[in-house]
Every structure is written in structure tokens, then in C-alpha cells.
Amino acid sequence: MAEGTLFVVATPIGNMEDMTFRAIETLKTADVIAAEDTRHTVKLLNHFEIKNKLMSFHEHSDVSRRDEILDMLRQGMKVALVSDAGTPLISDPGAELVAAAVQNGIRVIPIPGASAVVTALSASGLLKDGFVFEGFLPADNKARKAALLRIQSETRTMVLYEAPHRIEKTLEILKDTLGAERPMVLAREMTKVYEEFIRGSIGETLVRIKDKPLKGEMVLILAGAEKEEKIVTDEEITAELKSWMGKGKTKKDAVGLTASSLEILKNRVYQISLKL
Ligand code: SAM
């Protein structure tokens with residue numbers, strides 16, 4: 001029996017010319033295409049003259065739909081998973097299906113292509129020491145607070161997705177969290193006719209949006225917090241050690257307390273404590 005394979009196929013994020021040869025070939029030769037929105041994917045298939053079977057697989061699909069696909073894969077079928085745009089699973093459905101396929105020993109083959117997160121980052125000019133992808137900020141209050149706490153202390157470049165009707169509110173929240181001065185890029189309608197990169201601080205971007213509301217799809221790239229390079233001198237360490245010992249702490253305890261209060265390695269404090 002042929003080996004079943006799940007192909008995770010990236011499709012364009014706006015510009016049809018970003019479709020890859022491999023993606024076209026895979027969608028032509030799969031036994032079935034599992035699509036987030038079949039009406040949407042029909043347009044893509046028509047554009048590339050691909051005639052193939054479609055079935056729906058979206059975020060509200062229940063477990064039975066996932067099991068149906070797993071059964072097809074176990075029977076040796078080739079299933080191609082696509083979302084409406086970009087790479088499936090990236091703020092799109094498919095994570096549980098891929099995890100279940102992996103757990104069942106089914107081969108999973110990615111067909112790489114466009115994704116808004118990488119596309120926006122590549123032209124942002126804000127990429128330094130890696131990045132974190134937050135996706136859409138959670139709608140639920142508690143989860144959103146937790147995400148904002150993470151964002152506040154993050155030193156790497158951050159990527160967020162947002163919808164046009166929520167962009168102003170989200171930028172207000174980000175201004176409160178990161179300050180109006182934080183550099184950012186708003187990447188809008190990438191790869192399409194009205195592609196635009198709005199570069200500036202959060203405060204400046206907000207003023208611009210209030211002036212003229214933005215339409216279309218958008219990604220936010222935010223610079224990470226500046227790393228505080230703390231330089232602690234030996235004299236400061238000695239003074240801190242003496243201060244703890246003056247408060248009645250043993251030398252051993254003073255070493256630990258000094259290391260944590262000055263946020264430096266314990267061994268360095270220990271070496272200095274030997275001279276006291
Ligand atoms: N799976 C997709 C990917 O790989 O990027 C993302 C799907 S998510 C449901 C849709 C969001 O991606 C949009 O709300 C927007 O934030 C972002 N996006 C998708 N296409 C875009 C484009 N052409 N320009 C800017 N942002 C885009």
C-alpha cells in the first residue's frame with residue numbers, strides 16, 4: 001500500500017506570482033485538498049488551472065473531520081492542507097491535524113512559500129537578535145494581559161497580526177505597554193497593489209492612523225526593549241557585601257544577597273568576598 005502523506009502547502013498572501021512550482025504540482029497530484037475555505041481555494045485552483053477534489057477543514061471543524069483526514073492518510077492517500085493565504089498553521093488551522101499525523105507515524109511534508117510574518121520582518125529594518133511571533137493579541141482579557149506582560153519585557157523584535165477594525169485600539173494598548181517612542185513598522189497589503197510600510201514610533205503611527213484610517217491586511221513589527229548593559233564595578237560589589245554583613249548577615253548569605261540584588265554571577269561576588 002502507498003504511504004499516506006500530509007503536505008502542508010503555503011499559498012500566496014496576495015500576489016498570485018508568489019505561488020511556487022512545487023505548490024502547484026502538489027495541489028495537482030494530491031488525492032484531495034483540505035482547505036480552510038473551499039470557495040476561496042477554488043479561485044486559487046482556477047487561476048492555476050488545477051482540477052482536484054476539495055474538502056473543507058477549518059477552525060470550527062470538529063474532531064470527526066480531523067479523524068476522517070487521518071483515516072485517508074492511513075489508507076495511503078496524499079492530502080494537501082492549505083489555508084486562505086500564506087502558510088497553514090501560522091495563525092491558521094492545522095496544528096492539531098499535523099500533530100495527530102506525526103503521532104500516528106504519518107509522513108508530513110512542508111511545501112514552503114509565503115507567510116506574512118517573515119515577509120514583513122524581511123523588509124522591516126527592525127530585525128536584530130531574532131524575533132518572537134505573537135500572532136493576534138488574544139481577545140480574552142486575562143490571556144491578553146499575559147501576552148502584554150511578555151511583550152513589555154521582550155528584547156527581541158516582535159511580530160503581531162491585526163485586523164483593520166482593531167488596529168487603533170491595539171496601538172493604544174501597545175502605546176500604554178511599550179511607550180509612545182518605541183520604533184515600529186506597520187506592513188500593510190504586502191505583495192499587493194497598495195503595499196505600504198509605515199515606519200516610525202508607536203505614537204507617530206497612531207497619529208497617522210487617526211488622521212486617515214487604514215484598510216487592508218496588516219502586520220505590526222515592534223522593536224524589542226533596549227537591553228540594559230549593567231556594568232558593576234568590584235568596588236560596588238564590595239560595598240554591597242559590606243552593607244549586608246553590616247546588617248548582621250553571614251558572609252555566605254551576603255554573597256547570595258549581593259549577587260541577586262546586583263544581578264551578577266555569584267562566583268564573581270564570592271571571589272571578591274574572599275578579600276574581606
Ligand atoms: N497563514 C497566514 C501567514 O502565513 O501569514 C496568516 C493568516 S492570518 C488568519 C491573517 C493575517 O495575516 C492578517 O490579519 C494579517 O495580519 C496578516 N496578513 C496576511 N496577508 C497579509 C498581507 N498581504 N499584508 C499584510 N498582512 C497580511
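Colleague: Which strands each supply at least two residues of the shell around the ligand?
Modeller: A strand here is a DSSP run of E with at least two residues, numbered from the N terminus. In this case, β7 (157-162) and β10 (218-222) each supply at least two shell residues. This is a predicted model, so to speak: local features need pLDDT of at least 70, side-chain atom pairs need 80 or more, and totals for chains, interfaces and linings use all residues. Numbering runs from 1 along each chain as its sequence is written, and side-chain values use heavy atoms, without hydrogens or water.

Colleague: How many residues surround the ligand, and which are closest?
Modeller: A residue counts as near if one of its heavy atoms lies within 4 Å. Here 19 residues surround the ligand, and the closest are Asp92, Ser115, Ala116, Tyr161 and Met218.

Colleague: Where do polar atoms meet the ligand's nitrogen atoms?
Modeller: Look for N or O pairs within 3.5 Å, the polar contact cut-off. The side chain of aspartate 92 puts an N or O atom 2.8 Å from a ligand nitrogen. Methionine 190 uses a backbone N or O atom, 2.9 Å from a ligand nitrogen, and glutamate 217 has a polar side-chain atom at 3.3 Å from one. The protein buries 91% of the 570 Å² that the ligand exposes when taken alone (Shrake-Rupley, 1.4 Å probe).

Colleague: What does the side chain of glutamate 134 make a polar contact with?
Modeller: Glutamate 134, in strand β6 (residues 131-136), pairs with the side chain of arginine 150 at 2.8 Å.

Terms used. Helix = DSSP H or I, 4+ residues; strand = E, 2+ residues; numbered from the N terminus. Polar contact = N/O pair within 3.5 Å; in protein donor to acceptor, adjacent residues only side chain to side chain.
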